[in-house]
Amino acid sequence: MMIKGLLCFFSMLLSISILSGCWSNQELPDLALVSAIGIDLSEDGEFVNTIQVINPGNVAGEGIQNTGGSESPPVSTYTEHGYNMTEAQRRISKKVSRELYYAHTNLLVIGEKLAEERGIQEIFDALERDNEFRTTTKVVVAQDAKAEEIIKTLTSIDKIPANKVIKTLRSTERIWGENINLETRGLLQKLISPGTSPVISCFRAPGDEEKGEAIEGIQETQPPFRLQASGLALFKDGKLIHTVNGDTSKGILWVLDKIKETGVSLDWKQNKEAIVYEVIRQKTSVSAQVKNNQPKISVEVSAEGDIGETAVPIDLRKPHVLKDLEGLVEKEIKENLLSSIKKTQELQTDVLGFGEAVHRADSEAWKEMKENWNDEYFPEVEVDVKVHAFIRRTGLRNKPFLMDF
Amino acid sequence: MSYRFRKFLKSKRKYTNAVQNAGPAEELYTSLDSNLSKIKQRTGNSSDIVIREMTTAQENKQIGVIFVEGIVDNRTIHDFLLESLMDDPAIETEGTERDVLETIAEKIVPLGEVTRVNNWKELYESLMSGLTIILVDGVMQGLSASTKGGERRSIQEPPTEISIRGPREGFTESLRTNTSLVRRRIKNPNLWVESLQLGEKTKTDVEIMYIEGIASEKNLNELRERLENINMDGILETGYIEELIEDQPSSPFPTIHFTERPDAVAGNLLEGRIAIFVDGTPFVLHVPSIFIQFFQSVDDYYSRAYIASSLRFMRIMVFLISLYAPATYVAATTFHQEMIPTQLLVVLSAQREAVPFPAVIEAFLMEITFEILREAGIRMPQAVGQTVSIVGALVIGQAAVQAGIVSPAMVIIVAITAIASFTTPSYSMAIAARLIRFGLMIVAASFGFYGLILSFIVIIAHLCSLRSFGIPYMAPLAPFIPADFGDSVIRLPRWGDKERPRLFTTKNEREGSGQKPTPPETRNIKKQQMKKGDLNDD
């Protein structure tokens, strides 16, 4: 009895270890960790995929023997082309000794040409379907460049270029508010929604492209090239139609309620942009009303912030001065928003999500408007912007020392 | 059933018969000389058996005194036995046989325990357990006088169970000392001790101790029955008994807890458990035991409840680490790279770059090396223990990494596992984790987290199926007994934990109500009528 049981147990043990298991087993040194993917369009209409593969020994290799020093670059890039994404990606395996592993791909760069000419819808199916690729991957558009160039550029502080891009986006979105830190899943939602269109941050690599790929470049304090966030790419029907910069992009993000902190410069008397209001938190809500089949949008902003800088001698202890300043802030923000909204209306693309607001407000009316929203209704829609600004503090001092001069 | 097994059973039966036939109650001889020569022959003229013959002054009665040197107290024998027997003139009696012994027992030998020996079996048992035998010529019976003694280890701090706060006493190898240590803590006539002898050859004294009225009768009967069933030639340590009376011998988990601290035994007795003392070992078993008990250290009961609870919780978490840390590492790095944060993965990957083995081989290599070191550390004479630790630290910590055989991350994992396994207060539980860990590593290497989750379920199911003297091992978690939670993963303050664990006892109340201390009413500070401006005079 007992021997039978033991036999049974051991045969079970033997069969589980031989028959199954281990098939998805991958050792770390057999994996090529892909940190970023760049997608371009070639002259003959093929996709060109560029992948950035981390060279772990050169990123974290210091202090570990036999892994090479920092002589060689922290990443290697591989480029291949194909008529569809899978073909292009699988073909790369001819050049890489290890299995490509996409679970840690945190950045997707879309080439400008691809975005403008072919649109971005086609590339996402392959990525979303793949079980390794994450939908939290950040997306940027290469401005005035091919995606390949962004992928190939080395960066100095963050050794992995993909990380540099992601971290830059994250911090600038929070602190300055001209760029959006967009994930693939958010982008997909906006792509399929008729009531809104996506905006994607742009990245540029100004400078000599050839030098960007060499390790010598990052050995200077000011490299001859530097990856930097630039404007916002506005999309319509999946195609890039325009790129906006500066206050316009900030205004767009403000309507999208993506602003966390930023600075608002105010004119005071004759002094241009003499006082800075630092927004520390804000809330923007977009609502719609449909009357007589005419939609009306109202945007309400309530901002809270500090005085960050005064270049003019004003006495901030006086409540009426603060009151005046709050009025100026409200005016400034309102103008910013209105001009941004106007710009998008001119471009006839609803990146602001007004269509969704209308949908929420009156779904019956929306059904009729849906088809021609971007071209017909959106450019004409009446927008009412209300801003409420509040000065919470004036920094560490009330009276500027300039008053004592 | 195979032939071999049947043969084994047969031989066992034969053995049993032999043991039972060994000691028929043969009577002593009348003549002292023949008695003594029989003893000499039976003990093979062993040099530690002392036979002292003497003649009383008055009646010329021949008296033989027999004892085993070393396990008797020489002083007692000399002062109270030999001296009294030789000097005393009062042996002269009317001449009936019984009266001689009676006189000796009642009037001459001033010792606590003097009993009559009727046959050879009794004689040898008494003699070998340290009693002194007195034989008188012409009498077919003898006397045994309690003269147990001899060199024993003194009471020391228990080396395997150190506490920060609490008594420093530990049990010794002497059964009587051990029971006395407990009786000093529970001064109550309800503290009952039952004794029996186990081991056909060793005749080891075994005693069970419990508090009458608290310990449940069912458990007691069960224990008595299991102890009586023991039929072995020798019992040398509690481990022998543990293996013979546990509920589930094939489980790696211990179902009987042991301790060498008298305060721990006292605490367990108060909770309704039964302690088993074995002569010759400082360890005491107590039954029934539950899983959570193996994570309770005596310090928990002496430190404040919040601290005790958090430490106990930590110990259980750390136990899981000691079980699962290498397995999780292997599973994550070979199957689930997506679960590791990118930066960490890059670091791990860089470390693994130069390592020639798969992660699981690497883990096995390191774990086995560590087990070797640990075993060597225990078996080594203390004088060379230092060498082992230095060599071990160099081999594991430095050289293996520098040689590129293992990655630094693996060293960290093994080190954490090793340290974690030392936090479990019970050695027998920690050693079970050591064993299971290797199995889990194999599972992790073949099935990844899927296998680990399955193994976790299997372990939990196994634990829930265990019983200790019929008591569910995972109580009070499974079966779920909220009333017993006061002293489980957490320990409630004394005033909040009013009941004994329900499973062990018949009586649950253990303290009066309203034990929670409160600060006294404000004294000496009169409530003043505050006027405006009293506090802010400026």
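## Briefing on a predicted two-chain model

Four bridges join S2(B) to S4(B), and these two strands run antiparallel. The model in which they occur is a predicted one, and the pairing of S2(B) with S4(B) belongs to an open, antiparallel sheet of five strands in chain B, ordered S1-S2-S4-S5-S3. The points below take up that sheet, the helices lying across it, one buried tyrosine of chain B, the contact between the chains, and chain A as a whole.

**The sheet of chain B**

- Strand S1 (49–55) and strand S3 (114–117) of chain B stand at the edges of the sheet, and because each has a single partner strand, one side of each is left without a neighbour in the sheet.
- Averaged over the sheet and with direction ignored, neighbouring strands are turned by 25° against each other.
- At one edge, S1(B) pairs with S2(B) over seven bridges in the antiparallel sense, and within this pairing B:Arg52 stands opposite B:Val65 of S2(B).
- Where S2(B) meets S4(B), B:Ile66 has B:Ile133 of S4(B) as its bridge partner.
- At the other edge, S3(B) is joined by four bridges to strand S5 (residues 142–146) of chain B, the two running antiparallel, and B:Val114 finds its bridge partner in B:Ala145 of S5(B).
- Strands of a sheet pair, in general, through backbone hydrogen bonds, in either a parallel or an antiparallel arrangement.

**Helices across the sheet**

- Helix H3 (residues 74–87) of chain B lies across S1, strand S2 (62–68), strand S4 (131–136) and S5 of chain B, and runs at about 170° to S2(B).
- Helix H5 (residues 120–128) of chain B lies across S2, S3, S4 and S5 of chain B, with an angle of about 140° to S4(B).

**A tyrosine in helix H11 of chain B**

- B:Tyr329 is found in helix H11 (residues 305–334) of chain B, and it counts as buried because it has 25 C-beta neighbours inside 10 Å, the cut-off being 20 or more.
- Once residues up to four places away in sequence are set aside, B:Tyr329 touches B:Ala363 and B:Ile413.
- Between B:Tyr329 and B:Val287, which are 42 residues apart in sequence, the C-alpha to C-alpha distance is 37 Å.

**The contact between the chains**

- Chain A contributes 27 residues to the contact and chain B contributes 23 residues.
- On the side of chain A that touches chain B, the elements giving two or more residues are helix H1 (2–19), strand S1 (31–41) and helix H2 (56–60) of chain A, and the largest share, four residues, comes from H2(A).
- Sorted by class, this side of chain A has 13 nonpolar, twelve polar and two charged residues.

**Chain A as a whole**

- The secondary structure of chain A comes to 14 helices and 13 strands, and its C-alpha atoms fill a box of roughly 90 × 60 × 60 Å along the principal axes.
- Of the 405 residues in chain A, 42% are buried.
- Among contacts in chain A between residues at least 6 apart in sequence, 73% join residues at least 24 apart.
- The mean pLDDT of chain A is 88, with 94% of its residues at 70 or more, whereas over residues 63–69 of chain A the pLDDT is below 50, although this stretch has 15 contacts in the model beyond near neighbours in sequence.
- Where pLDDT is low, the predicted coordinates should not be read in detail.

Notes
Residues are numbered from 1 along each chain as its sequence is written. Chains are lettered from A and ligands numbered from 1 in the order in which they are written. This is a predicted model: local features need pLDDT of at least 70, side-chain atom pairs count only at pLDDT 80 or more; totals for chains, interfaces and linings use all residues. Two strands pair if DSSP finds at least two bridges between them. Axes are lines fitted to C-alpha atoms, for helices over the stretch in contact, and angles run from 0 to 180 degrees between N-to-C directions. Two residues are in contact if their C-beta atoms, placed from the backbone, lie within 7 Å. A residue is buried if 20 or more other C-beta atoms lie within 10 Å of its own, exposed if 12 or fewer, and partly exposed in between; C-beta atoms are placed from the backbone. pLDDT is the predictor's confidence in each residue, from 0 to 100. Ala, Val, Leu, Ile, Met, Phe, Trp, Tyr, Cys and Pro count as nonpolar, Asp, Glu, Lys and Arg as charged, and the others, Gly among them, as polar.
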